[in-house]
Amino acid sequence: MRRALLLTAIVGLALAGCSPVLNRDLMNKGAREFQLSHLVETPEVFKDHLFILGGVIVDTKLTEKGSQIEALFIPVNASGYLRDSTRHQGRFLAVYSRSKGILDPLIYKKGREITLAGDFVEVRKGKIDEMEYSYPVFEVRQVHLWEEYRDHPYVWPYPYPYYNPYYYRSPFLYDPWGRPYPGPYWPPPPW
């Protein structure tokens with residue numbers, strides 16, 4: 001009985017780890033393998049098609065129609081996880097209808113990562129600084145905001161050079177005859 005419960009728990013955890021971040025039906029219906037440039041070049045072909053895309057937020061605005069997110073496009077895998085955030089293919093706009101609620105600009109702020117399912121609506125002209133840019137616009141059906149990554153400064157626990165009150169008491173720092181191994185035993189401090 002215990003083995004069956006343990007096996008069930010392990011299988012459940014394994015399946016939960018592989019579950020998609022968005023609704024499974026949307027993930028199955030939406031296109032994930034595409035180029036933004038194709039949407040901009042031939043918008044009439046892709047109009048009202050469902051796409052699954054990821055991105056890094058550049059800006060979030062509240063408009064009369066709802067919330068609007070400008071993001072760098074990053075392709076996603078079959079579960080909706082962002083592939084490689086260093087290789088983006090341009091920018092897009094995601095419009096979230098006011099009837100569904102709002103996406104607060106303090107939460108959906110610059111630098112946060114998202115995965116969304118959206119219908120392609122149009123190509124909208126805009127500007128990035130002084131440059132004209134054509135944005136593919138998606139109407140959001142569902143959005144997933146990834147957990148915020150926080151950089152914590154690494155704090156070296158002991159002052160240089162490697163002061164540790166337990167440093168010489170460790171049995172792993174001595175050979176079998178009681179002689180200390182030649183050091184240094186710890187990596188250099190980060191500064």
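**Exercise 1. Decide whether Asp119 is buried or exposed, and find its surroundings.**

Asp119 counts as buried because its relative accessibility is 16%, where buried means under 20% relative accessible area, exposed over 50% and partly exposed in between, with a 1.4 Å probe and protein chains only. The model behind this value is predicted, with local features needing pLDDT of at least 70, side-chain atom pairs counting only at pLDDT 80 or more, and totals for chains, interfaces and linings using all residues. Residues are numbered from 1 along each chain as its sequence is written, and side-chain values use heavy atoms, with hydrogens and water left out.

Next, place the residue: Asp119 lies in strand β4. Then list its partners, leaving aside neighbours within four places in sequence: Asp119 is in contact (heavy atoms within 4.5 Å) with Asp48, His49, Leu50, Val137, Phe138, Glu139 and Arg141.

**Exercise 2. Describe the order of elements in the chain and the spread of its contacts.**

Start with the count, which is 4 helices and 5 strands; these are DSSP runs numbered from the N terminus, helices being H or I with at least four residues and strands E with at least two. Read from the N terminus, the order is α-α-α-α-β-β-β-β-β. Turning to contacts between residues at least 6 apart in sequence, 61% of them join residues at least 24 apart. Finally, of the 191 residues in the chain, 35% are buried.

**Exercise 3. Work out which residues and strands line the largest pocket.**

A pocket is an open set of points on a 1 Å grid over the protein atoms alone, where a 1.4 Å probe fits, with protein on both sides within 12 Å along at least five of seven lines, and lining residues have an atom within 4 Å of a point. The largest pocket has a volume of about 190 Å³, a volume being the space filled by probe spheres set on the points. Its lining consists of Thr63, Lys65, Gln68, Val95, Ser97, Val121, Glu122, Arg124, Val137 and Glu139.

Now assign strands: β3 (91-97), β4 (113-128) and β5 (131-145) each supply at least two lining residues, and the largest share, 3 residues, comes from β4. By class, the lining has 3 nonpolar, 3 polar and 4 charged residues, with Ala, Val, Leu, Ile, Met, Phe, Trp, Tyr, Cys and Pro as nonpolar, Asp, Glu, Lys and Arg as charged, and the others, Gly among them, as polar.
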